[in-house]
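Biologist: Could you take me through one backbone oddity in detail, and then show me what surrounds it? I'd like to know which part of the model it sits in and how far I can trust the picture.

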Amino acid sequence: MPPPARKPFGLSWEGGIFLALLLYPLFPMFERGLFAATGRSLGEQLPLVFIFALLAYGLNVVVGYTGLLHLGIAAFFAVGAYTAGIFSTAAYAFQWPFWVVLPLGALAAAGVGLLLGAPTLRLRGDYLALVTLGFGEVTKFTLKNVVGITAGSQGLSPINPPTDHPAWSDDFRPFYYLTLGVLILAALLLRNLERSRLGRAWIALREDELAANCMGLNPAKLKLAAFALGSGLAGLAGVLYATRLTSTADPNAYDFNRSIFLVCCLIVGGLGSRLGALLGVMLLVGFDNILTPIIDGAIQQQFPDAGGKIFLTFTGWRLAVFGLALILMMRFRPEGLFPSSRVKHELHPDEAVSEPVEPITMGKTTGEVAAIDGGKA
Amino acid sequence: MTFAVEPTFWTAFLQQTIDGLAFGALIALIALGYTMVYGIVELINFAHGDVFMLGGFLALTVLVLCGLEGLGVDQNRIKLDDLGLWAKAGLIALCLLLAMPFCGAINFGIDYMVYRPLRTAPRLAPLVSAIGVSFILMNVGLFWGGAQDVNFPKLVSDDNLLPADTGLRLTAKNAMVFGVTVPLMIALTLFVRFTKLGKAMRATAQNPTAARLMGINTDAVIGITFAIGGALAGAGAVVFALDVGTISYTMGFQNGLYAFTAAVLGGIGRIPGAVLGGLIIGLVRYYGSAYVGESWTGALIFGILIVILVFRPTGLLGSPTREKV
Amino acid sequence: MPFRITVPLVFVVAFASVGVGGLFLSDGVRSKGKPDVIKIVSSLPRSGSARGQTDSIVQGIKLALHEVNHQITLTDGVTYKLEYLDLDDATAAAGNWTIEQEIANANQAKADPDVMAYIGTYNSGAAKVSMPILNKAGVLMISPANTATSLTKPGWGGRHEPQCYRPTGRINYTRVVPADDVQGAVAAQWAFELQAKQVYILDDNELYGKGIADLFHMTCEERFGIKVLGQESIDSKQQEFKPLLQKIKDLKPDMIYFGGTTQTKAGQVFKDMIAVGLRCPMMGPDGCYETAMIESAGKAAFETAPFYATFGGLPISELQTGRGPQFVKNFTDYFGKPPTEAYAAYGYECGLVALDAIRRAGRKDRDAVREAGLATRDFVGTIGTWSFDANGDTDSKTMSVNVVKDGEFKFVKKLELKK
């Protein structure tokens with residue numbers, strides 16, 4: 001939780017990453033060099049990373065800020081994607097423009113989030129996790145079975161790009177900037193929210209619900225707000241995802257594996273930390289969608305006969321790598337690789353001497369504290 | 001096959017009930033592992049379903065080593081038809097005898113290596129680690145059997161044990177499922193209720209600190225609980241493989257979800273609850289397929305999970321507990 | 001404080017200067033490729049149980065390239081090196097094609113200017129997502145296995161199909177197998193010849209499986225007067241289907257038709273059919289016509305009840321016209337053993353069509369190759385002489401029906417569609 005006005009130009013590590021990403025398409029030599037080396041276009045892949053980062057932000061609001069373990073975020077992702085499918089494919093009469101569908105998807109997902117949130121307010125911990133898991137699965141089965149509306153396993157397609165301009169398919173840059181732009185806006189929104197009354201109340205709720213309640217906070221309202229915002233961001237990501245794929249994909253794209261994958265990203269990155277969510281997604285999605293195909297391609301070129309054995313492919317090891325990462329993180333660095341300073345302090349209170357925790361008040365921090373903190377990440 | 005009796009609504013219903021109960025007994029066996037572990041360390045052991053899955057692959061490997069076809073080895077193999085009833089029964093017993101300690105050991109090992117160091121950590125930590133373990137075990141299963149469905153030798157026939165004029169079928173497979181699961185459940189209940197170790201388990205579940213103060217080695221008790229849960233999953237795996245005839249590396253995930261839905265439904269932490277929950281889930285799966293629609297059964301089962309958790313979080317047999325602060 | 005701002009600032013300035021320099025030195029982001037290389041890519045499910053089948057297809061493609069020594073001299077005077085890229089649209093964990101993987105493959109082909117032909121896809125659902133992408137890029141697609149009618153034929157799918165797969169209005173998609181309007185009808189005809197009076201239909205709820213099941217349903221009722229007792233979709237993530245087949249058993253069907261693939265649990269459905277004591281024949285489409293189907297259900301199961309699979313073409317043993325015999329001989333010479341799966345012939349056919357299109361185009365130009373590909377007429381292939389029609393479909397209508405016997409598929413009969 002960064003203190004206010006600490007980094008006036010936004011040039012924290014987070015800002016730096018966003019800036020680098022903004023500048024990347026301006027350097028064709030990077031794109032070409034990578035393409036020549038790997039045969040794959042990074043620019044085509046990154047929008048998917050941004051979309052998942054947005055989804056991770058949404059999940060982070062519920063799991064990271066508010067501390068409610070949510071194992072069904074994919075359902076809200078699906079709501080966004082299917083909103084895009086229903087309101088923009090030729091199969092339906094609506095065919096609304098993308099700019100209307102985008103907020104609509106977010107609103108629809110937020111609404112569903114409230115619907116799920118309301119009855120589950122009194123549940124805690126494991127039980128809430130199970131309800132969200134069950135909800136995710138029920139959503140998946142429903143999407144599969146109401147064939148008349150969702151086209152079942154075939155998915156709704158094709159979803160047209162935001163405008164008719166041919167550049168949407170000729171070039172990677174329009175999508176790149178669209179998704180990155182939405183992601184940055186979401187990051188700015190969350191940055192302000194973290195410092196707001198609501199953001200601080202969420203954290204109080206996460207730390208101790210009973211105490212927060214005694215201090216006059218209304219847990220029910222706060223949880224609902226977290227559910228609505230988290231689901232809304234997930235829905236936004238869903239619309240972008242479906243638009244990017246030009247299809248809602250099939251309902252299996254929104255199953256438990258997707259939800260748990262996002263939880264993994266957050267945990268590896270650092271729960272409750274925006275930077276953590278971003279880097280966690282970059283790390284895991286990058287591993288999954290960018291690194292493994294490249295390595296597998298190289299393996300295939302070198303040893304054309306190796307493909308028959310699953311343990312000779314890199315993708316074959318994917319689950320083990322993720323599993324091991326989760327276990328090791330939990331054992332040795334439960335705060336994640338890029339934790340928010342607050343979580344870090346909670347888990348390693350003894351190190352607090354060298355690393356002062358920032359006060360959550362709105363007041364200005366001293367330059368000294370900020371400097372130490374800024375050099376750390 | 002000809003029908004001696006025209007199928008009526010009621011014979012069809014009874015038939016689905018028999019098959020559903022058999023499936024439910026299987027789910028109950030897996031659910032017991034979830035519920036015992038939750039009862040004692042309050043952890044949803046996500047990896048339990050995958051321990052079950054590995055048990056299936058071990059059983060298949062045992063059979064292949066004994067000379068049967070499978071896992072891509074099909075040259076000069078024993079034909080199933082050449083095996084007598086006793087040889088088949090012996091092979092099943094061998095599978096059970098090896099799969100149970102194998103799965104028990106895996107589950108014990110997981111607890112020892114992964115969960116034990118996290119005993120005092122926040123509750124999210126073991127839960128996430130459990131998901132991690134589940135991934136690793138799935139990967140092991142993927143290497144073991146490949147991504148596709150693997151056929152499991154048909155050691156038990158589908159012959160009907162009931163006279164044909166009843167219009168009902170109770171197959172040898174059904175009998176085998178009940179024959180393995182019911183005694184195991186009874187044995188477990190007796191063990192937990194009447195042995196010293198069982199008492200220690202109940203004490204640890206109730207209050208670990210007090211149990212430790214009373215001289216109980218709680219770490220050992222927890223380890224044994226994991227081992228027993230794993231052994232039950234191993235038995236479940238053999239029975240499942242024989243009954244369904246197919247194993248795959250994803251079967252742990254699907255059946256694991258059903259099983260812990262069953263555990264929660266019955267009241268997580270309660271052994272009779274897991275059995276009741278398992279049977280109900282089995283019946284829901286079969287009635288759902290017969291009367292609602294095959295593709296809706298998954299939604300039905302998870303719908304029940306949600307409804308139970310929201311309106312009666314303690315499950316059917318659980319007693320309300322006070323929130324620990 | 002100074003440290004905190006300077007580091008990112010230096011970073012930014014460095015980036016910006018390189019970037020501006022880069023923009024001046026180049027004209028656009030696209031990579032240029034190699035001037036004397038033509039690439040042919042394939043996108044098939046290479047992980048999971050379809051592998052046996054796709055191995056054969058890939059071997060067929062490799063054979064076609066091997067026969068021309070991996071090079072081709074065009075009328076523009078350049079001798080191009082032919083490179084082949086074998087892409088996987090499945091993942092090891094899914095064991096089946098995934099939409100993201102297929103889109104990544106299509107994007108990769110699109111972004112690589114050397115790619116002139118895209119051989120794929122195996123699953124019709126996958127074609128649905130890569131077709132629009134490659135259509136915009138103008139890359140010729142040749143599918144060795146897609147049979148869903150709505151991909152090419154107007155009037156079979158939604159009213160926006162198939163135009164929605166052709167956003168540029170031009171056609172870039174072709175297939176060398178007959179589509180399901182032929183296969184579904186022929187399957188119904190076979191059910192009729194087996195004297196089935198009433199059938200039950202199951203499908204896997206995917207584009208291909210549901211599509212062919214619907215066509216079978218329609219033809220049974222309308223053309224052959226076979227009673228359809230019901231049609232239901234299964235969830236292919238389920239482990240077993242006993243309650244469903246128990247229910248079907250009480251309806252006493254003469255045959256069960258499963259619209260789906262081995263990867264969507266055809267084997268398990270067959271096994272459960274036997275487990276509940278139902279002994280009628282089961283029939284599946286070409287997606288079940290592979291060795292993996294026999295492995296997944298276990299050889300013993302097929303001795304209890306017959307399993308028929310229709311196939312849009314002829315099995316390897318029956319290839320006696322056109323280039324068929326020569327193909328089997330060359331294949332055996334090159335790989336040391338005859339093809340194991342029937343689709344090898346279609347992999348080979350795709351490779352030949354691609355090479356032929358490139359040759360007739362006469363230059364390394366996607367649009368010329370695409371047009372030449374669609375203009376393929378009177379092509380002498382492994383199952384006889386055929387042409388692409390205006391939709392990019394083959395006009396070949398040869399179908400066969402096969403049955404499992406002694407642990408492998410045996411040819412039963414060549415079927416011609418009766419008008």
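Modeller: Let's zoom in on Gln95(A), which sits in the loop between helix 4 (73–88) and helix 5 (98–117) of chain A (helices are DSSP runs of H or I with at least four residues, strands are E runs with at least two, both numbered from the N terminus). The model is a predicted one, with local features needing pLDDT of at least 70 and side-chain atom pairs pLDDT 80 or more, while totals for chains, interfaces and linings use all residues. Residues count from 1 along each chain as its sequence is written, and chains are lettered from A and ligands numbered from 1 in written order.

The odd bit is the phi of Gln95(A): it is positive, about 45 degrees, although the residue is not a glycine. Most non-glycine residues have a negative phi. Gln95(A) is also exposed, with 12 other C-beta atoms within 10 Å (12 or fewer is exposed, 20 or more is buried, and in between is partly exposed; C-betas are placed from the backbone).

There's a second case in chain C. Lys252(C) has a positive phi of about 55 degrees, again without being a glycine. Its place is the loop between helix 7 (242–250) and strand 9 (255–259) of chain C. With 15 C-beta neighbours inside 10 Å, Lys252(C) counts as partly exposed.

Chain C has another backbone feature to look at: a cis peptide bond between Gly120(C) and Thr121(C), with omega about 5 degrees. Most peptide bonds are trans. Thr121(C) lies in the loop that runs from strand 4 (115–119) to helix 4 (124–137) of chain C.

That helix 4 of chain C turns up again at a domain boundary. Chain C is assigned domain 1 (6–178 + 321–386) and domain 2 (180–311 + 399–415), with bounds from an automatic or database assignment. Between these two, 21 residues of domain 1 of chain C are in contact with 19 residues of domain 2 of chain C (contact means C-betas, placed from the backbone, within 7 Å). On the domain 1 side of chain C, helix 2 (51–67) and helix 4 of chain C are the elements giving two or more residues. Helix 4 of chain C supplies the largest share there, at three residues. Measuring by C-alpha atoms, the centres of the two domains of chain C are 31 Å apart.

Back to chain A, the home of Gln95(A). Chain A puts 34 residues in contact with 34 residues of chain B. On the chain A side, the elements that give two or more residues are helix 6 (125–145), helix 13 (256–269) and helix 15 (318–332) of chain A. Helix 6 of chain A gives the most, with 13 residues.

Chain B has its own split, domain 1 (34–249) and domain 2 (253–325). Their C-alpha centres lie 20 Å apart, and twelve residues of domain 1 of chain B are in contact with 13 residues of domain 2 of chain B.

As for trust, the model scores ipTM 0.89 and pTM 0.86. Chain C averages a pLDDT of 85, and 91% of its residues score at least 70 (pLDDT is per-residue predictor confidence, 0 to 100). Go easy on residues 19–29 of chain C, where pLDDT stays under 50 and the model has 15 contacts beyond four places in sequence.
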